[in-house]
Amino acid sequence: MGSGAMLVWFVLSGLSVAFISIDIRSTPAHPVLKWAFVILALFTGPLAAIFYVFGCREPLNETHEDYVAVRWRQVLGSTMHCAAGDGIGIIAGAALAAQWRFSALADFSFEYVLGFGFGWAVFQAFAMREMAGGNYLRSLRQTFLPELLSMNLLMTGMVVTRRLLMSQIEGSADPLTVGFWFVLSMALIVGFVLAYPMNWWLVANGLKHGMITVRPVNPSAQHSKMMPDEGPSHGRPRRNHNHQPAAIIGPSIMAKAAMTVLSIVFLTLGIAPTGWLNG
């Protein structure tokens, strides 16, 4: 692919980042998901803008809760959260490993550790700890398996895509060239697509959140927004979250084990033909 096409891609990516950064301020989504859209736009460009408009942007006032309740939008939010958090670590690891001239195996390991570590410990467990009652350690425990399963599929798509494109695009092994970042952008898109079905299973079984609505309450209206069982001294602004329905029964241990094995098999089969396990 020529440098002109790559330049167009990055111009569109810049415009997408600008659009989302400005427009999303008025969207009543969780702050972490807002950041995830912006981060995703850096690498997936116009696709992130499309995801935002059709998957999260409130079409009419006071409709966000119902709009994002559709399962595919919930899964979109879950996958996007994964791709943004894990993606930062993976991409940072790829740039550093290329600069330091790591071996293929060391490169893969470094990217995996940074991607999973940042996505799990920071972007998922810490940023969303309120969903675990504000307890960070509990949040780490609750999010470990979902993050692992999603990460394995994301990483599979990224590794395979990079190996296929690196031989086709000049300078793709050098982080100081446009080709390197273009390849990583395409890799993240493919990883996102591959991780989407796994996130569908995770959301459907109540193991991951999807799109979340958060509405700040006007302090002057605080009295009318109190929780039913609280007195005046305990009234506080309410936030509306799109949690999974309480009726959802989580998957069995066997189901979790099976999905874990499946994700590892995908990762292994994806990496083996690329030569990343050789030295």
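Which residues does Y112 touch, not counting those up to four places away in sequence? They are G117, L148, M151, N152, M155 and L267. Keep in mind as you look around that this is a predicted model. Y112 is a good place to start, as it is one of the residues that touch the most other members of the largest nonpolar core.

**The largest nonpolar core**

- This core holds 60 residues, and the ones touching the most other members are I20, F37, Y112, L154, M155 and L188.
- At least two core residues come from each of helix 1 (3–23), helix 2 (31–44), helix 3, helix 5, helix 6, helix 7 (136–166), helix 8 (178–204) and helix 9 (253–271).
- Helix 8 gives the largest share of the core, with eleven residues.
- M155 appears twice in this picture: it is in contact with Y112, and it is also listed with the residues that touch the most other core members.

**A second core**

- Another core, of seven residues, lies apart from the largest one.
- Its members include M6, I169, F182 and M186.

**A nonpolar patch on the surface**

- Turning to the outside, L47, I50, F54, V70, W72 and W200 make a nonpolar surface patch of about 530 Å².
- Helix 3 provides the largest share of the patch, three residues.
- W200 belongs to helix 8, the helix that also supplies eleven residues to the largest core.
- W200 counts as partly exposed because its relative accessibility is 35%, a value between the limits of 20% and 50%.

**Two loop residues with positive phi**

- Most residues other than glycine have a negative phi, so here are two to check on the backbone.
- E62 is not a glycine, yet its phi is positive, at about 65°.
- You will find E62 in the loop between helix 3 (46–55) and helix 4 (64–67).
- With 59% relative accessibility, E62 is exposed, because the cut-off for that class is over 50%.
- R101, another residue other than glycine, also has a positive phi, near 60°.
- R101 sits in the loop between helix 5 (71–99) and helix 6 (104–126).
- The relative accessible area of R101 is 75%, so R101 too is exposed.

**Cysteines**

- How many disulfides does a search of the whole structure find? The search finds zero.
- C56 is buried, as its relative accessibility is 0%.
- C82 has 1% relative accessibility and therefore counts as buried as well, since buried means under 20%.

Technical notes. Residues numbered from 1 in each chain as written. Predicted model: local features only at pLDDT ≥ 70, side-chain atom pairs only at ≥ 80, totals over all residues. Heavy atoms only, no water. Helix = DSSP H or I, 4+ residues; strand = E, 2+ residues; numbered from the N terminus. Buried < 20%, exposed > 50% of the residue type's maximum accessible area, 1.4 Å probe, protein only. Core = buried A, V, L, I, M, F, W, Y, C linked by side-chain atoms within 4.5 Å. Contact = heavy atoms within 4.5 Å. Patch = residues over 30% accessible without salt bridge, like charges linked within 9 Å, V, L, I, M, F, W, Y side chains within 5 Å. Areas by Shrake-Rupley, 256 points an atom, 1.4 Å probe, with all protein chains shown as cover. Salt bridge = Lys/Arg side-chain N within 4 Å of Asp/Glu carboxyl O. Disulfide = S-S within 2.5 Å.
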